[in-house]
Amino acid sequence: MITRRAAARLAAGSAFTATLGLGSRASLAADKVIKVGVNLSLTGADAEDAKRILNGVIMALDGANQGNAVPGYQFQLMTLDDGTATAGQYDPAQAATNARKMVSDHAVMAAIGPQMSGAGKAMAPILSEGDLATITPSSTNPDITNPKFAAQFDPSGKPIYFRTVTTDAFQGPNMANYMAEKLGIKNVYVLDDSGAYGVGLADAYQAQVDKKGVKVLGRDRLDPKAADYTAILTKIKALNPAAIYYGGVGQAGIKLAKQAYDSMPKVIKAGGDGVYGASFLTGAGFPAANGWYATIASPHLVGGDEKAAEFVKTYTARFGVAPEDYSITAYDGTLVIVDAVKRVAASGKPVTRAAVRDAIQTAKVPTIQGIVSFDKYGDLADRTVSVFQIEENKAGKPDDVSAQYKYIGVAPQS
Amino acid sequence: MTLTDLIVQQTINGLSLGAMYALLALGFTLVYGILELINFSHFNVFMVGSFIAFWVLQMFGLTGQDVILTGLPLAMVLLVAFAVTMVGSGAIGVLIERLCLRPLRDVKGPAAMITTIGVSYILFNVILLSMGAEALNYPNPLPPKRFHIGDAILDVRVILIWAVALVLMVALWLFVQKSRIGKAMRATAQDPEAARMMGVDVDKVVMMAFFLGSALAGAGGLIFGLYYNFTSFLIGFTAGLRAFTAAVLGGIGNVPGAMLGGVIIGLIEALGGQIAGAWTDVIIFSILVLVLVFKPSGLLGRMAPTKS
């Protein structure tokens, strides 16, 4: 017999999941709700990529609910936006507020995100104190999982910041290796966008490229809010660089691409995963985006094997846009959470945040990017960095990442 | 790039920035001269103007920088874009004045200024909610032709900016100096009570000031879009602060002062970017503070009563 309370919960549960776009099978009366907090930069310059990442999470949770992956439990999304209008991109203060929201909601057992490392630095201490594990599909700043900074980012002492991508400790230097060895550049000018991710990436790149014997002509900071970079670009042009490297995300990157195209069309331009994605393509547009090198902190997934092809087909059919590699890392990260909850539930122990966190730490989950496992600091065991170059493909849609970014290969490991 | 080429290029950059700041500063200064009101909504009218022009250009079937026009079609498209944008922004300015500021005309204190801050945020959020938070690729029909002065590059767009800015500024100055309404504006700026007693319709004068200032801001918005190939709901704040500084530097209430201030701030920004990129803001505002400490009315301004 279905009690009134259970029926009410049933109705609320299905209404909720329906409005969130998650499919749900006819749930049994006693189903417990596990909320997965998702914090992404859905407002601002990186919104296009955020949407594509969110879609990956939705697909995974959907699949888990419909396939009854964890009997007796239903997964629910709690989507939060750390982008604000005034910032025009992610806002660390908003990210901190979102972290507190997730921690204070006791149904939230794990989280996906954040997208940006600047948000990650703000969220990590709060999540650590709430013992809430998060798996980020794209945040690459190494400080957050670095034991040297544990007091700042992980006061509770147990890792809670997991990644399905590697870090800038590899993304920056590996690209430096690629540019020095494969492109043979003799000098480079380095720029960052003053954000946590951008500065960290540019620093890591600069240190390695210097070690490889490439002359660093200078280092400058771009203000993401400013519209005009012509003065700085003119200064850089006068130094006659072979290449410029940009550590940072879309807000400054888009303007940099447009203005660098005007002043230095022949110079090699490269960036990290901040210039990889639909946001950069639509913001910078062609011809400005053409020729830019980008990296991602994971193996190239979309366009990979059969599993990936299947994912791409289902994703595109359902959401109407093509996925990016970080859609897959988000999907994989969500699979890890589902697997963790499953193992905790199967062991008979109560499903708590601490138990889920421990289960994530020991995860060995087969996913599209291979078997995902984490080292003792929460970093992904796989350290692959992939290199792409934008080559305008008029046959494909202008915001389709697979069509416009040509995969070049794996960057030489540091 | 030789040193002279570098200086030439940075000067070109600076003058282009300066032209945009000057156009924006003129709007501030016109309104301040007559009403002694700092109109904080002005730079978001500039931002809205940029979007009005965006929609107009899109209506011509332009998207991004792919479609290029030359000669007569180009002139016609630009003319229509400028006309519609300026009239549209001017109308918004008049609407703001009529609905929000006229009822507060005789109220002492900061009520009117705070109202303009509120209007500013309303415009900002309306655009954010309707157009989204991303930087939009601007429809730009200008041919990517460039001239070389040594190693320095002078783009066709830059010439357009200077030409349009100069034409508008000269037109405004002539209007203010030579026409009847211009004389009425100067009279009202000098002494509103006396002007009213001499039969000047102060309401009409204020409306005209808002219309002209906002129309210029709208033109500035279109120029911004054509120059940077992007627009977004954020462009008002960054440009507005510098333009406001330019207006104050030149002497707030003073029309040639706004133009001079704009050019100076533009040049400082370009040279500052060359010498010490991250410190540009510090340099600009330090110069502002120094000028005001030693000449509080700005470079060309005089202490009351004569203003424009």
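User: How many helices and strands does chain B have?
Analyst: The model is predicted. Chain B carries four strands. Its helices number 11.

User: Why does chain B count as being as compact as a globular protein of 308 residues?
Analyst: The globule rule gives 19 Å for 308 residues. The radius of gyration of chain B is close to that, so the chain is as compact as a globular protein of that length. Its C-alpha trace spans about 60 × 45 × 35 Å along the principal axes. The radius of gyration itself is 19 Å.

User: Among contacts in chain B between residues at least 6 apart in sequence, what percentage join residues at least 24 apart?
Analyst: Burial first: 52% of the 308 residues of chain B count as buried. For contacts, the pool is pairs at least 6 apart in sequence. The share joining residues at least 24 apart is 80%.

User: Which helix of chain B gives the most to the side that touches chain A?
Analyst: The contact takes 28 residues from chain B and 28 residues from chain A. On the chain B side, the elements that give two or more residues are helix 1 (3-35), strand 3 (152-155), helix 9 (235-250) and helix 10 (255-276). By class, that side has 14 nonpolar, 11 polar and three charged residues. With five residues, the top contributor is helix 1 of chain B.

User: How far apart do the C-alpha centres of the two domains of chain A lie?
Analyst: Domain 1 of chain A covers 4-167 + 305-372. Domain 2 of chain A covers 168-296 + 386-410. Their C-alpha centres are separated by 29 Å.

User: Which element gives the most to the side of domain 1 of chain A that touches domain 2 of chain A?
Analyst: Here 23 residues of domain 1 of chain A are in contact with 24 residues of domain 2 of chain A. On the domain 1 side, helix 2 (47-66) and helix 4 (117-129) of chain A are the elements that give two or more residues. The classes on that side are five nonpolar, 10 polar and eight charged. Giving four residues, the leader is helix 2 of chain A.

User: How many residues of helix 6 of chain A are buried?
Analyst: Helix 6 (residues 168-181) of chain A reaches 19 Å from first C-alpha to last, close to the expected 20 Å. Its buried residues, including Phe170(A), Met175(A) and Tyr178(A), pack against helix 7, strand 8, strand 9, strand 10 and strand 13 of chain A. Helix 6 of chain A is mostly covered: of its 14 residues, the buried ones number 12.

Conventions: Residues numbered from 1 in each chain as written. Chains lettered and ligands numbered in written order. Predicted model: local features only at pLDDT ≥ 70, side-chain atom pairs only at ≥ 80, totals over all residues. Rg over C-alpha atoms; globule rule 2.2 N^0.38 Å. Buried ≥ 20, exposed ≤ 12 C-beta atoms within 10 Å, placed from the backbone. Contact = placed C-beta atoms within 7 Å. Domains from an automatic or database assignment. Nonpolar A, V, L, I, M, F, W, Y, C, P; charged D, E, K, R; others polar. Expected span 1.5 Å × (residues − 1).
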